[in-house]
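The report below takes up side-chain exposure, aromatic contacts and cysteines, in that order. Please read it alongside the sequence and the structure.

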Amino acid sequence: MTWLMYLALGAFAGTLAGLFGVGGGLIIVPVLIISFKLQGIGGDLVTHMAVGTSLATIMFTSLSAIHTHHGRRAIDWRLAALLSVGIVVGAWLGGYTADKLSGPLLQRLIGLFAWLMAAQMLFGLAPSGGARLPGKPVQVAVGGVIGWASGIFGIGGGSLTVPFLSWCSVPMQRAVAVSSVCGFPIALVGALSYVVHGMAHQGLPDEAWGYVYLPAMIGISLASMPFARLGAILAHKLSAPVLKRAFAIFLLLVGAKFLFFPG
């Protein structure tokens, strides 16, 4: 039953991620927190396990996205490499930072981030282009900030990378492709950070590697990739504005729960 539950969660998260064009982390983290609590695992560290497990699943889904964008020759590998230098450091520090936070505080931060993403979707907030890409040191530094935030929230970084690149006048197709590449080091290094920093804690399930819960990682990863393609197909058949509003409402509810009723 546990495996079936995680396969179903992966299908649900993958479909919604494909529908709404966002990384599954915004969906996986809150649902994992609820499911872990229902299973009676994790204790005060349930939020850390949800974030760490979410990052681990994004490793696999990002590879599928990279393959697709590379086949269309849309990836600027030089730009992706520069951002990834900072991302590697930032994602590791994100796991370290989260390890120092209490479960309720981490939930509140995730709730605040969910509200910011909901506002962006509801009001169409986006940086206007016109700026140019900064020099290499600044690109690396920006990658560090993106990796750090993504490591805390358990996301692939697309909701941060794409707006930055769009503001720097990078064409949207190229920005999305670069963001997909950057999602892999975020997920890989972030997940490793959660594994290492979680090892020191007692009371975690036997099936966990640090803060990464293996049954959830495997089940979600197996189902999310094919269902993300299904979601993308459905997205072309449904109204985009309605979909955005529906997902924004979902994020508002998640944010309210975590901000006002954490734990």
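Trp148 has a relative accessibility of 38% and therefore counts as partly exposed, in a model that is predicted. This tryptophan is found in helix α6, which covers residues 136–153, and Trp148 is also one of the contributors to a nonpolar surface patch of about 710 Å². The other residues of that patch are Val88, Val89, Trp92, Leu93, Tyr96, Leu192 and Val196. Two elements, α4 (77–99) and α8 (172–198), give two or more residues each to the nonpolar patch, and the largest share, five residues, comes from α4.

Aromatic rings also meet elsewhere, since the structure holds six aromatic pairs. One of them joins Phe36 and Tyr213 in an edge-to-face arrangement, with 5.5 Å from centre to centre and 85 degrees between the planes. This contact links distant parts of the chain, as Phe36 lies in helix α2 (residues 25–39) and Tyr213 in strand β2 (residues 212–213), 177 residues apart. Phe36 has a relative accessible area of 0% and is therefore buried, while Tyr213, at 5% relative accessibility, likewise counts as buried.

A second pair is formed by Phe247 and Phe250, whose rings are stacked, with 5.7 Å between the centres and 20 degrees between the planes. Because Phe247 and Phe250 are three residues apart in helix α10 (residues 240–260), about one helical turn separates them. In this pair Phe247 is buried, at 1% relative accessibility, whereas Phe250 is partly exposed, with a relative accessible area of 24%.

The two pairs are set out in the table.

| Pair | Arrangement | Centre to centre | Angle between planes |
|---|---|---|---|
| Phe36 and Tyr213 | edge-to-face | 5.5 Å | 85 degrees |
| Phe247 and Phe250 | stacked | 5.7 Å | 20 degrees |

Phe36 and Tyr213 belong, together with Tyr6, to one aromatic cluster.

How many disulfides does the structure hold? The count is zero. Cys168 is in no disulfide, and the nearest cysteine sulfur to that residue, belonging to Cys182, is 13 Å away. Because two cysteine sulfur atoms count as a disulfide if they lie within 2.5 Å, a separation of 13 Å leaves Cys168 outside that cut-off. Seen from the other side, Cys182 is also in no disulfide, its nearest cysteine sulfur being that of Cys168. As for exposure, Cys168 is buried, with a relative accessible area of 4%, and Cys182 is buried as well, with a relative accessible area of 0%.

Conventions: Residues numbered from 1 in each chain as written. Predicted model: local features only at pLDDT ≥ 70, side-chain atom pairs only at ≥ 80, totals over all residues. Heavy atoms only, no water. Patch = residues over 30% accessible without salt bridge, like charges linked within 9 Å, V, L, I, M, F, W, Y side chains within 5 Å. Areas by Shrake-Rupley, 256 points an atom, 1.4 Å probe, with all protein chains shown as cover. Salt bridge = Lys/Arg side-chain N within 4 Å of Asp/Glu carboxyl O. Helix = DSSP H or I, 4+ residues; strand = E, 2+ residues; numbered from the N terminus. Buried < 20%, exposed > 50% of the residue type's maximum accessible area, 1.4 Å probe, protein only. Phe/Tyr/Trp six-rings, centres within 6.5 Å; stacked < 30°, edge-to-face > 60°.
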